[in-house]
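Me: I'm new to this one and would like to go through it with you step by step. Could you help me find my way around?

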Protein chains: 2
Amino acid sequence: MIVMKFQLNLGKILKRAANYFGEKTIVSYESLERKEITYREFYSRVLALIGYLKALGVKRGSRVGVFAWNNLAHLILYFAVPCSEAVLHPVNLRYSKEQMLYTINHAEDEVLFVKKEFLPLVAEIKSELQRVRQILPLDAVFTNFASFAENFDQISEDLPAKLCYTTATTGTPKGVMYSHRDLYLQSMALCMTDTFGISEKDRILLMVPMFHVNSWGIPYAAAMVGATMVLPGENFKGQFLAKIIFEEKVSLAAGVPTVFQEILKAAQSENIDLGSLRTVLVGGAPLTREIIEGFARYGVEVRQVYGLTETAPFVASNYRKSTLVHLTEEEKKKQQLKIGLPAPGVEVRVVGKDGKDVPWDGKSIGELWLKGPWIAREYYNDEKHTREAFVDGWFRTFDLVKIDELGYIEFCDREKDVIKSGGEWISTVAVEKYLLSHPDVKEAAVVGLPHPLWQERPVAFVTLWEQARVSEEELLNYLRGKLLPYWIPDRILFLRELPHNSVGKVAKKLLREKYHDLLLKDTNEKGEV
Amino acid sequence: MIVMKFQLNLGKILKRAANYFGEKTIVSYESLERKEITYREFYSRVLALIGYLKALGVKRGSRVGVFAWNNLAHLILYFAVPCSEAVLHPVNLRYSKEQMLYTINHAEDEVLFVKKEFLPLVAEIKSELQRVRQILPLDAVFTNFASFAENFDQISEDLPAKLCYTTATTGTPKGVMYSHRDLYLQSMALCMTDTFGISEKDRILLMVPMFHVNSWGIPYAAAMVGATMVLPGENFKGQFLAKIIFEEKVSLAAGVPTVFQEILKAAQSENIDLGSLRTVLVGGAPLTREIIEGFARYGVEVRQVYGLTETAPFVASNYRKSTLVHLTEEEKKKQQLKIGLPAPGVEVRVVGKDGKDVPWDGKSIGELWLKGPWIAREYYNDEKHTREAFVDGWFRTFDLVKIDELGYIEFCDREKDVIKSGGEWISTVAVEKYLLSHPDVKEAAVVGLPHPLWQERPVAFVTLWEQARVSEEELLNYLRGKLLPYWIPDRILFLRELPHNSVGKVAKKLLREKYHDLLLKDTNEKGEV
C-alpha cells in the first residue's frame, strides 16, 4: 500500500537506525557466545530477509510465526516481516503444545521460523497445522539473498505488523494485533524523558522474552533512537544477567520482579557491581520494597511500569513528580510502589460496581478501563472474548485500582483474584507484599479458598530461598501487626515451587483447584464450625 | 467531526495536563506584573473560552486571529481555538501594517482578539479587512462563560488547528497550516530525551514569540507532560530574561542567539546566576562559540536546534552521541556548532546542483530537502509558492548544508545569501561566525556586493557592544589567518543597528540594495581596474 502522506511505520524506524546510528551496535548472546553487529549490518540483514520472504511468497497480510528466544535472528524478524507488509507472530515458548498449536492455527501462520530445539515439537504437531506451508530453521533468517528495499518505509501506518497472544491464568489464548502506527507511537512514548527515557546513550538489556507483547516495545524504541541493545539469548537466569549487566555496561533493564530479585541475589553473593545501570523498569507483577532498596545500594533508580498484551503494552510508569519533592523518604517509597502515571495518550477510567467512575481520591477502588493510541479495540478474530473485554471503545483490564489526587494509579488486585471473606474484601496483593518482605520468602501467592463460616479465607503458598528454614508459625507471627487481623492467612503452605502459567505468573486457579478442600478439611478435623 | 479511533489532537493534550498535572502552574508576566495559575484553572479557562467562541459563531474551520505577545490570554487561545475545531492564526506583530493586512485577509480571519496597544492599528486597516466580523480586546479571552466540554478531545487528528505565516527576508508572507496530528506528534518528539527532553520537572521560559511557528512547539509539549511554563509577556530584553531565569528557577529556555548573548551580558554585568538552567536551545540563526562558552561558566548545556515555519518547526537538534565521547574538547565544540541530527520521523535529502543526492561525507554541500510527520506539504492556498518550494512531497529549505558520516547536519548558508566570487563560493555564515568571535562585535551580517572584477565580493556590516572601539583595520587583521584570503571582506562597515525583518533575522536584501554600488564606487575612487 503505497501512500504519499507521511506514514508512521516500522520501516521509518529501521531506516533511521541505519542512517543516523549505523555505527552503533547490537550485542547478541547465543548459547553464551557473544556476537556484535552494527545497525548498518543489521539493516542489510533485514533487507536481505525481506527479499527472501518475498521469494518465499510472503505477501501483504501473510502471517509468519517464529519460535525463538531473545536473539539476533528474532530481532531481524521483528523488522523484516512487518517491513514486508506481513505480520509477525512470535509463538510463546512457554505455552503448552496445545496452546502453541491453537495460536499458530488461529493466527493462520503460513511460514514458521523455528529454533533448532523446537523442531521436534513442531514435527509432532505438523499434521495439525492448517495453513503452514513452510517450516524453516531459525538460521534461515541469515540466508544471503538479494536485498529488497522497495518502499519498505512507505507502508500504510494502519497495516497490521505484529500479532501476540495472551492467556489469563488459564484459558484459551486471545490474539492482539498491533498496527505499524501502534508500535511507532509507542516507541516515541518510550523515549520520552518521563517514561522510559530511552536514549541513544542507553545500553539496554532485553530481559523481557521477545514473544511477550513486543518485548514491552523496547526493541522498536531502541532502534528509533539508536540505543545499543544487548540480547541475552535463552539465558534469563539472575547470575548470567547480573554478569552481563556488569560486562556490557548496561544502563537500562526491564523485567518482572522475580528476575530482578535473582539479579540482586546474584550480584550480592558474587560481588558484582550493578552501578552501570541508571534505571530498572519493573513490571508484570507488583514491585517490592526489597527491589527498590536493593538497587538503591548501587544508586540505581527503580521505576514501576504497567501494561498488558492488549495495551502493546505501555500503560503507565512511575516517575516522581516535582510536586512530590517534599515527601519523606518513607512516603517516597510508598509512592514508588504505585503503578504511576498514564503514558501520554493513554486515557483512564476507574469504574465502580455500579458502572460509574469512582472518585480519584486515593481510596475508592474500581476496575481500570483504558483507551489510547496503541491500545487494542478488539481481540483478533475472537468475537466472544472481544464482547467480554471491550466496552464502548474501552478495554477492561479486570484489574482493580485506585487513583490518588495527583493521578497516580495504585494496583489493588486482579478482579478475579480478590478474596471476599465474610463480606469484606481482602487484597491478595497486599498480603503477598508483606510475605515477600520476609527475607526467607522467595515467592508468595495468596488465594481465597472456600471456608464453611467465612465463605472464603486467604491461604498463602510460598517458596523459600535455599537454606531458609522459617516455620509457618514464625511467618504468621511476622504478618501479625502488619496486616488487619482478618487479612492474616488461615494457613501458609510451603511448596518446592509454585505453578506458573506461560507468562510466568502464578497459576492461582490451579492452586485453588488443588487445595479446594483444605479449609473445609481443616475445620472438620479440628472440629470447629 | 466525532470519530471512534484514537485521534491525536490538542484536546487530548489539554485534558492530560488537567487530569495529571492539575496542581502544576503557568506563570505569566503582564507589563511586569506576575500572575500564576494552575493547569486545572487553565483548563477551566479554555473550556469557558470554547463556550464563548461557540456563542460568537466560531465553527469548524473558522479562522480566529490574535494580536498578542507571550501571555496567558494567548496561551488560552492556543488551546481553545483548535479545541473548538477552528484555526488559530497568531498575527506576526513584527510585520508591517501591509503584511498584517495581507495575512489576515489571506487567512480569512473572522474574529480577531487584539491586545490593547494594537487596537489603533487594527482600526486603521479595519475597512480593508475582508472577512473579519468581530474585533475583540484580548481580555475578552477571560470572559466568564458556560464552559463547553463536549467532545473537544474527539476532534479528528487531520483537522487544521493553527496557521502561521513566514516571509523570506522580504516578500509576500506565505501561510503554513498545521493539523492537530502535526502538533501532537511534534509534542511527543520534543519530550524525547535526545531532543529537547521536555519533562514534568522542567520550568520553561517561553522566549520565542508565540506568533512564531507555534513558539517552536514548546507550549503544547510542555502541557503534554505538565512542565511549568513561564511567559515573559512583551518583555524580551536580556536583562529582564536573565532576572526571570534566576527568580523562576528556569531549567530550559529556547531562543535566537542574539537574545542569549544579551542574557549572558546582563547576567555577567549584574552578577545574576543562570545555574538553574539545565539546557538552552539555540536556533533561528547559527550558534556561536561565545554562547557555548558563556553558558558553560554556569554548567549549562547548549543545544543547537534547527527549524522553519514550514516544518512546525522541529527539524534537528544537536546532542552528543555516545560514539563521540573520545573527541577532544575542541572537537566537541566544533561538533556542537552543527545543526545536529534530524528529529525522529524527519527525513532528509541533501541535493546537489545536478538534482542528485550528495554524499554524506562532511564535505559535499547541497540543498536541504525535508519530509516528516509534521512537515508541510504545501503553502496554504498559495499555488505559486507551493510550486517553488515543494517537489515530489519534499520541502526545499533553500538552505545549503553538508552532512557528516555520523549524520550530523552542518549549516553552510542560505542558498540566496551565498556569495560567488570569481567562481568560488564564500560562506557568509563562516565569515559572520569569526566576526562574532571578536569580543567587541555584537552583530554581524555579510553580504555579496557587485564587484567589477570578481562579480561579487563580501562586505561585512557590524554593530558593536557599547563602549567598544575597534577599527575596521583591526577587525580585518583579526580575520586574517582565520579565513581563506579571498573570504576576507573587502570592507567592514559599522552601523548603529542592522536592519531586521519581522522574525528578527538580518534583512540582507535591504543591505544589498542600499549598498549596491559600494564596491563599484570604491574601486572607481581608488582607480583600480
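Me: How are chain A and chain B related in space, by what turn and what shift?
Reply: This is a predicted model, and in it chain B can be laid on chain A by a turn of 180° with a shift of 0.0 Å along the axis, which leaves an RMSD of 0.1 Å. That is the relation of a two-fold axis.

Me: Which residue of chain B comes closest to that axis?
Reply: It is B:Met192, whose C-alpha lies 2.0 Å from the rotation axis.

Me: And how many residues are in contact between the two chains?
Reply: On the side of chain B there are 51 residues in contact with chain A, and they meet 51 residues of chain A. Of the interface residues of chain B, 100% are also interface residues in chain A, so the copies meet through the same surface.

Me: What area do chain B and chain A bury between them?
Reply: Together they bury about 4300 Å², and 54% of this is on carbon and sulfur atoms. On the side of chain B, the three residues B:Phe6, B:Tyr20 and B:Met188 supply 16% of the area buried against chain A, more than any other three residues.

Me: Let's turn to charges. How many salt bridges are there across the interface, and how many over all chains?
Reply: The rule finds 8 salt bridges across the interface of chain B and chain A, while a search of the whole structure gives 58 over all chains.

Me: Which residue of chain B forms a salt bridge with A:Lys5?
Reply: The partner of A:Lys5 is B:Asp158, with the closest N and O atoms 3.1 Å apart.

Me: Where do B:Asp158 and A:Lys5 sit, and are they buried or exposed?
Reply: B:Asp158 belongs to the loop between strand S6 (134-137) and strand S7 (160-166) of chain B, whereas A:Lys5 is in the segment before helix H1 (10-21) of chain A. B:Asp158 is partly exposed, with a relative accessible area of 45%, and A:Lys5 also counts as partly exposed, at 31% relative accessibility.

Me: What about pairs inside chain A, say the partner of A:Glu85?
Reply: A:Glu85 forms a salt bridge with A:Arg60, where the closest N and O atoms are 3.8 Å apart. A:Glu85 lies in the loop between helix H3 (72-80) and strand S4 (87-90) of chain A, and A:Arg60 in the loop between H2 and strand S3 (63-67) of chain A, so the pair ties together parts that are 25 residues apart in sequence. As for burial, A:Glu85 is buried at a relative accessible area of 14%, while A:Arg60 is partly exposed at 46%.

Me: Which residue pairs with A:Arg349?
Reply: A:Arg349 forms a salt bridge with A:Asp357, and the closest N and O atoms are 2.7 Å apart. In this pair A:Arg349 is buried, with a relative accessible area of 19%, and A:Asp357 counts as partly exposed at 42%.

Me: Which residues are linked in a network of salt bridges?
Reply: One such network links A:Arg34, A:Glu36, A:Arg203 and A:Glu248.

Me: New topic: how many disulfides are there, and why does A:Cys191 not form a bond?
Reply: The search of the whole structure finds 0 disulfides over all chains. For A:Cys191 the closest cysteine sulfur is that of B:Cys191, and because the two sulfurs are 12 Å apart they are too far for a bond.

Me: Are A:Cys191 and A:Cys412 buried or exposed?
Reply: A:Cys191 is buried, with a relative accessible area of 0%, and A:Cys412 is buried as well, at 10%.

Me: You mentioned H2 earlier; how many residues does helix H2 of chain A have, and what does it reach?
Reply: Helix H2 of chain A covers residues 39-55, which is 17 residues, and reaches 24 Å from its first C-alpha to its last, close to the 24 Å expected at 1.5 Å a residue. Its buried residues include A:Tyr39, A:Phe42, A:Val46 and A:Leu53, and just after the helix A:Gly57 takes a positive phi of about 90°.

Me: Last one: where is B:Ile244 found, and what does it touch?
Reply: B:Ile244 is found in helix H8 (residues 238-247) of chain B, and it counts as buried at 1% relative accessibility. Leaving aside residues up to four places away in sequence, B:Ile244 touches B:Tyr29, B:Leu205, B:Val230, B:Lys249 and B:Val250.

Notes. Residues numbered from 1 in each chain as written. Chains lettered and ligands numbered in written order. Predicted model: local features only at pLDDT ≥ 70, side-chain atom pairs only at ≥ 80, totals over all residues. Heavy atoms only, no water. Disulfide = S-S within 2.5 Å. Buried < 20%, exposed > 50% of the residue type's maximum accessible area, 1.4 Å probe, protein only. Least-squares fit on C-alpha atoms with pLDDT ≥ 70 in both. Contact = heavy atoms within 4.5 Å. Helix = DSSP H or I, 4+ residues; strand = E, 2+ residues; numbered from the N terminus. Expected span 1.5 Å × (residues − 1). Buried area = accessible area lost by both parts, 1.4 Å probe. Salt bridge = Lys/Arg side-chain N within 4 Å of Asp/Glu carboxyl O.
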